[in-house]
Amino acid sequence: MLDIKLIRNEPELVRTALRRRGAQAEASLDELLELDRSRREILVVVEEKRSLRNSVSEEIAKLKRDREDAASKIEAMRAVGEEIKRLETELKDVESALEEELLRVPNLPDPSAPDGGEEDSVVLHHWGTPREFAFDPQDHLDLAVARDLIDMERGARTSGSRFAYLKGDLVFLQFALVQFALQRLASKGFRPVVVPVLVRDEAMYGTGFFPTDMQQVYRVEADGLNLVGTSEVPLAALHMDEIVDESDLPLRYVGYSSCFRREAGAAGKDTRGIFRVHQFDKVEMFSFCAPDKSAEEHDLMCSIQQEILQELGLPYRAVNIAVGDLGASAAKKCDLEAWLPTQGRYREVTSCSNCTDYQARRLKVRAKGEKGGPYLLHTLNGTVAALGRTIIAIMENYQTEEGSVEVPTALRPFMPIGMERIGR
RNA sequence: GGAGAAGUGGCCGAGUUGGCUGAAGGCGCUCGCCUGCUAAGCGAGUGAAGGAGUGAAUGCUCCUUCCGAGGGUUCGAAUCCCUCCUUCUCCGCCA
């Protein structure tokens, strides 16, 4: 959420920034300003009346204590009370309309995010050299099906399309990745957290997934809860409504959870294998930091992501995502795309966003300390390991001619003893 | 799921014949004083949100709201009524 005061005082600055996201992002700006104006107009009147009521009520109390007659004042205040009630209703209507509009306005993009849509994202650099195969490489699903490591048919029978069973040694690989990722991040000061995956609406609104991306979310209507699409949601909500001590910053967490996405609108896209499924597991890092430190923090998180792919020996490229492709809450986002030999291209495996104070304002996450305060923090999130996609990248890049998969050396300490190869 | 109890400021904790309590008292914290050091002691300060006014500015003045959340009763509610949420205890069930 944007600061209404910023919109009020610098409407043109906001308009210009939002225009980069597209016409509809700035569409509600004028209506918003009008609602804000009328809110303050009504507020002034209400407060005057309340002030009057307060002082007269005191007089009434005094008269009653002295056992004098207060009937005429009480009678007068009855009318004022009704007037206040009427104005309060009016005020509340305006305020909820304002709130509703405000919740739909996306974050202001960072100047360093490139203009344009998906195709305008800027490749920052490459790492690693895609392997030359002396044979025809197979894709992850062929490799896995041959050894019954991924079962899409039965997944579909049980749960529908885009659900899978992961089986056998691939399960060990997944948990090796989890251990590797968690330990690496913990050693860098990120506190491991297993998060709730069912969350209240507040957490969804607070992180900016509601109302914009409601159609992507599985909802458990009976309990009014939502399945999270990423542990970013419960991690961000961890400090909801809190004023933390500035000296504890930055607060760094690494979460592990299953993630659930409806993938509405992705029909026909990436239908093969487990590249795009409704349920996958992910290790995610999250940071709350001081507002003047978030650019630095973003760099740190991006470098951690790269370090991990490098240790896994997966060739990748880093991409600065264009404004049109940013989520509502991100001011800036960088993806890492790993090389998939059978697709002959780089595909997204991690993503790292700086949400500035957008989520913090919605969630009311603040700090105070020497700098004074309470002031809003900045929040950042980044993938450490999206297990499904990382497994795909490992399988495809580390496959052997006979169809087994070598385990990257970095993961071997976390595999069953002696297991250096999967599917032999 | 059933039966009870409770939710007040950073923390503990007063506050039920509704009115002068944003909130006693204590702890903690900050600043100052004092003291070889430390401890103790003394003094002052110490919640948040919104709005109006004022200033070049760090600000300052005033008002409103907030005692788990939302409604209601009343001239007036932390105090009375209703709904919801959360926590605790006991029982049942269960990974």
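## Exercises on a predicted model

Helix α13 (residues 387-397) lies across five strands, namely β9 (251-260), β10 (279-289), β12 (332-340), β13 and β16, and runs at about 40 degrees to β16. Keep in mind that this is a predicted model. With that helix as a landmark, let's work through four exercises.

### Exercise 1: the sheet of eight strands

Work out the order of the eight strands in their open sheet, and explain why β1 and β4 each have one side without a neighbour.

*Solution.*
- Step 1. Read across the open sheet: the order is β1-β11-β12-β13-β16-β10-β9-β4, and the pairing is mixed.
- Step 2. Go to the edges, where β1 (122-127) and β4 (191-194) stand. Each has a single partner strand, so one side of each is left without a neighbour in the sheet.
- Step 3. Add the twist, which averages 25 degrees from one strand to the next.
- Step 4. Pick out one pair: β13 (residues 345-354) and β16 (residues 378-386) are antiparallel and share three bridges. Here Ser 353 has Asn 381 of β16 as its bridge partner.

### Exercise 2: the sheet of three strands

Find the order of the open sheet of three strands, then the bridge partner of Val 220 in β7.

*Solution.*
- Step 1. The order is β5-β7-β6, with antiparallel pairing.
- Step 2. At the edges are β5 (198-199) and β6 (219-220), each pairing on one side only.
- Step 3. Follow β6 to β7 (residues 225-227): two bridges join them in the antiparallel sense.
- Step 4. In β7, Leu 225 is the bridge partner of Val 220.

### Exercise 3: two domains

Determine which domains chain A is assigned, and how many residues each gives to their contact.

*Solution.*
- Step 1. The domain assignment gives domain 1 (4-104) and domain 2 (118-422).
- Step 2. Taken over C-alpha atoms, their centres are separated by 43 Å.
- Step 3. Five residues from domain 1 and nine residues from domain 2 take part in the contact.

### Exercise 4: the second largest pocket

Describe the lining of the second largest pocket: which residues lie nearest its centre, and which domains supply it?

*Solution.*
- Step 1. Start with the volume of this pocket, about 400 Å³.
- Step 2. Its lining has 16 residues, and those nearest the centre are Gln 24, Ala 25, Arg 104, Pro 106 and Thr 212.
- Step 3. Sort the lining residues by kind: eight are nonpolar, five polar and three charged.
- Step 4. Look for helices: α3 (23-26) and α5 (71-104) each supply at least two lining residues.
- Step 5. Finish with the domains: at least three lining residues come from each of domain 1 and domain 2.

Definitions and conventions
Residues numbered from 1 in each chain as written. Chains lettered and ligands numbered in written order. Predicted model: local features only at pLDDT ≥ 70, side-chain atom pairs only at ≥ 80, totals over all residues. Heavy atoms only, no water. 1 Å grid on protein atoms, 1.4 Å probe; cavity = no way out; pocket = protein on both sides within 12 Å on 5 of 7 lines; lining within 4 Å. Points joined across faces, edges and corners; volume = space filled by probe spheres on them. Nonpolar A, V, L, I, M, F, W, Y, C, P; charged D, E, K, R; others polar. Domains from an automatic or database assignment. Pairing = 2+ DSSP bridges. Axes fitted to C-alpha atoms, helices over the stretch in contact; angles between N-to-C directions. Contact = heavy atoms within 4.5 Å.
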